[in-house]
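Please find below my notes on this model. They are arranged as numbered points.

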Amino acid sequence: MTETFVAPQVEFAGVSKSYAGGRRVLDSFDLTVAKAEFVTLLGSSGCGKSTVLKLISGLTPPSSGIIRIDGMTPKNARETVSYIFQDATLLPWRTVRQNVGLGLELEGVNGDRRRQKSAALLDLVGLGEVAGAYPRELSGGMKMRVSIARALATSPRLLLMDEPFAALDEMTRDRMNEELLRLREEQQWTAVFVTHSVAEAVFLSTRIAILASNPGRIHTVVPIELPFPRTAALRASPEFAEMALTVSRALREASPP
Amino acid sequence: MRRRLIPLANALGVFAALIFLWQVVLWIFRVPPFMLPSPWAVARAVIARFPALATSLSITAVEAGGGLLASIVAGVVVALIFAQSRWVRRMLYPYTILLQTVPIVAIAPLILMWVGAGAAAVTLIAFIISLAPVIANTTQGLISVDENLVHLFLMHNASPRQLLFKLRLPHAVPSLFVGIRIASGISVIGAITGELYAGSSRVGVGGLGYSILYASSQLQTDYLFALVLAATALGFGFFFIVMFFEWYFLHRWHESARAPETD
């Protein structure tokens with residue numbers, strides 16, 4: 001046991017969620033995520049992965065149970081949280097720079113600081129050149145980078161990602177995964193990530209929570225003890241393959257045909 | 001450049017062919033001029049009576065344009081109210097359908113009775129007939145925002161004001177223009193229909209509808225044709241003005257407003 005008690009950043013205690021019509025999506029769900037962890041929720045569709053993210057962000061309330069983010073209710077903790085959606089969800093009428101500055105603008109940060117911050121983040125994701133372009137001129141991967149820059153602009157301590165790379169081709173997805181880890185190294189945020197992809201989950205995570213469905217619940221939690229920094233070379237290593245196999249097996253157990 | 005000129009040349013070719021066909025019909029069937037004047041007679045009428053034609057055109061343009069502008073303003077306001085809640089929409093939407101289904105020819109005499117003959121009545125008719133498409137399309141644009149975008153705004157604790165001005169309204173602009181484009185055409189039809197009834201408060205001077213009625217009663221068929229051409233040109237003019245504004249506001253970011261690719 002550790003000497004000092006570190007309060008978990010995300011805490012779910014006995015959380016259940018049913019939608020109107022009585023469909024139960026989550027059942028007595030327990031999960032804790034410590035600071036600087038990268039936790040991935042992995043499971044077949046309909047297992048409530050996205051619902052967990054919506055609950056953390058306070059976009060929907062739990063039917064029962066307690067959720068705490070840094071000891072606060074999800075709604076009160078929103079300022080420390082950013083959300084990255086499956087689609088880039090950019091505003092098409094705004095330039096890339098204005099899109100990145102959106103969160104800061106809504107929070108009332110003044111123009112100069114906003115521009116500085118947006119420019120810095122665009123450089124960080126390698127899009128400094130297209131700051132003045134409109135979203136429709138960008139490729140899918142570039143749009144997703146803008147979306148990530150926008151999420152990071154408000155300096156979040158917790159990043160929620162709902163299958164952010166699902167729509168990208170495999171090579172772009174791999175690159176984005178590497179880039180995401182690089183950004184995490186620099187900025188030290190905590191992440192809760194949702195995906196279907198075993199390889200993606202193993203590459204990114206410190207822990208993978210494998211979910212069973214109907215109703216959604218945690219089947220097993222697999223710690224991924226591969227050393228950081230992780231690079232593209234890791235994907236070719238036997239350790240990675242072994243880990244992926246373990247996770248795939250657990251996933252199969254969790255979702256019987 | 002050449003590629004753009006070819007469709008234009010084709011359109012002009014079709015026009016020339018139609019004029020020629022018109023003339024051929026006259027030669028073969030020996031139609032009397034008061035039934036169908038020759039293209040040259042129509043052209044002569046346009047030139048000879050140009051001042052009167054221009055006056056009628058400008059009267060109708062002002063009435064239709066006034067009605068259209070009023071319908072854009074009122075339509076956006078109503079759409080903003082409709083966008084507030086589904087409950088409001090359910091309660092009030094049937095009335096916008098009513099607006100669309102009521103035959104304008106049937107209520108024109110009523111309006112004439114209430115407002116009196118003249119430009120005000122005609123503008124009101126153009127306004128009523130243009131309103132429904134603006135309301136329907138703008139409402140659709142305001143409420144069809146991607147749910148995730150709304151979530152994104154909520155995650156940053158956006159106020160209802162920010163949600164409206166930074167998300168819903170800009171998102172609705174392309175649909176607003178769809179509504180305005182439809183409304184621009186029917187505002188001209190509305191104004192001319194209105195003039196057939198509510199014509200003019202001064203004898204002998206009136207918009208295109210009034211002059212059409214007058215020219216037909218005098219069997220000035222060549223001038224009647226000139227007036228019909230002017231009415232068509234007015235509809236075209238409105239359409240192109242709207243297209244220009246649509247391009248101006250949307251071409252940087254919206255797919256529909258891009259210059260069409262030549263294939």
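The points below take up chain B, the contact between the chains, the cores, and then some local features of chain A.

1. Status of the model. This is a predicted model, and local features are discussed only where pLDDT is at least 70. Side-chain atom pairs are held to pLDDT 80 or more, whereas totals for chains, interfaces and linings use all residues.

2. Make-up of chain B. The secondary structure of chain B consists of ten helices and zero strands. Along the sequence the pattern therefore reads α-α-α-α-α-α-α-α-α-α, helices and strands being taken as DSSP runs. Along the principal axes, the C-alpha atoms of chain B occupy a box of roughly 75 × 55 × 30 Å.

3. Burial and contact range in chain B. Of the 263 residues in chain B, 36% are buried. Among contacts in chain B with a separation of 6 or more, 75% are between residues 24 or more positions apart.

4. Domains of chain B. The domain assignment splits chain B into domain 1 (1–30) and domain 2 (40–257). The C-alpha centres of domain 1 of chain B and domain 2 of chain B are 30 Å apart.

5. A helix pair in chain B. Helix 3 (residues 50–82) and helix 6 (residues 119–143) of chain B pack with their axes 6 Å apart, at an angle of about 35 degrees. The crossing of helix 3 of chain B past helix 6 of chain B is right-handed. By class, the residues of this contact are 17 nonpolar, eight polar and one charged.

6. Contact between the chains. Chain B contributes 17 residues to the contact and chain A contributes 15 residues. On the side of chain B that touches chain A, helix 7 (147–155) and helix 8 (160–198) of chain B each supply at least two residues. Which helix of chain B gives the most to that side? Helix 7 of chain B does, with seven residues. The side of chain B that touches chain A is made up of eight nonpolar, six polar and three charged residues.

7. Nonpolar cores. The largest nonpolar core has 75 residues, and those with the most contacts inside it are A:Ile56, A:Ala149, A:Leu160 and A:Val192. Helix 5 (residues 140–153) of chain A provides the largest share of this core, seven residues. A second core, separate from this one, has 52 residues, including B:Ile128, B:Ile129, B:Leu176 and B:Ala230. As general background, nonpolar side chains tend to be buried together in soluble globular proteins.

8. Surroundings of A:Ile56. With neighbours within four places in sequence left aside, A:Ile56 is in contact with A:Val10, A:Ile67, A:Ile69, A:Pro74, A:Leu160 and A:Val192. Two of these partners, A:Leu160 and A:Val192, are listed with A:Ile56 among the residues with the most contacts inside the largest nonpolar core.

9. Cis peptide bonds in chain A. The peptide bond between A:Asn214 and A:Pro215 is cis, with omega about -10 degrees. A:Pro215 sits in the loop between strand 8 (207–212) and strand 9 (217–223) of chain A. Another cis peptide bond runs from A:Phe228 to A:Pro229, with omega near -10 degrees. The loop that holds A:Pro229 lies between strand 9 and helix 8 (238–254) of chain A.

10. Positive phi at A:Ser28. Although A:Ser28 is not a glycine, its phi is positive, about 25 degrees. A:Ser28 is placed in strand 2 (residues 24–33) of chain A. A:Ser28 counts as partly exposed because it has 14 C-beta neighbours inside 10 Å.

11. Positive phi at A:Ala36. A:Ala36 is not a glycine either, yet has a positive phi of about 70 degrees. A:Ala36 belongs to the loop between strand 2 and strand 3 (38–42) of chain A. Is A:Ala36 buried or partly exposed? A:Ala36 is partly exposed, because 13 other C-beta atoms lie within 10 Å.

12. Surroundings of A:Arg217. A:Arg217 is part of strand 9 of chain A. A:Arg217 has 18 C-beta neighbours inside 10 Å, so it counts as partly exposed; a buried residue would need 20 or more. Residues up to four places away in sequence not counted, A:Arg217 touches A:Asp27, A:Phe29, A:Leu211 and A:Ala212. From C-alpha to C-alpha, A:Arg217 and A:Glu107 are 35 Å apart in space, and they are 110 residues apart in sequence.

Definitions and conventions
Residues numbered from 1 in each chain as written. Chains lettered and ligands numbered in written order. Core = buried A, V, L, I, M, F, W, Y, C linked by C-beta atoms within 7 Å. Buried ≥ 20, exposed ≤ 12 C-beta atoms within 10 Å, placed from the backbone. Helix = DSSP H or I, 4+ residues; strand = E, 2+ residues; numbered from the N terminus. Contact = placed C-beta atoms within 7 Å. Nonpolar A, V, L, I, M, F, W, Y, C, P; charged D, E, K, R; others polar. Domains from an automatic or database assignment. Axes fitted to C-alpha atoms, helices over the stretch in contact; angles between N-to-C directions. Left-handed = near helix turned anticlockwise from the far one by under 90°.
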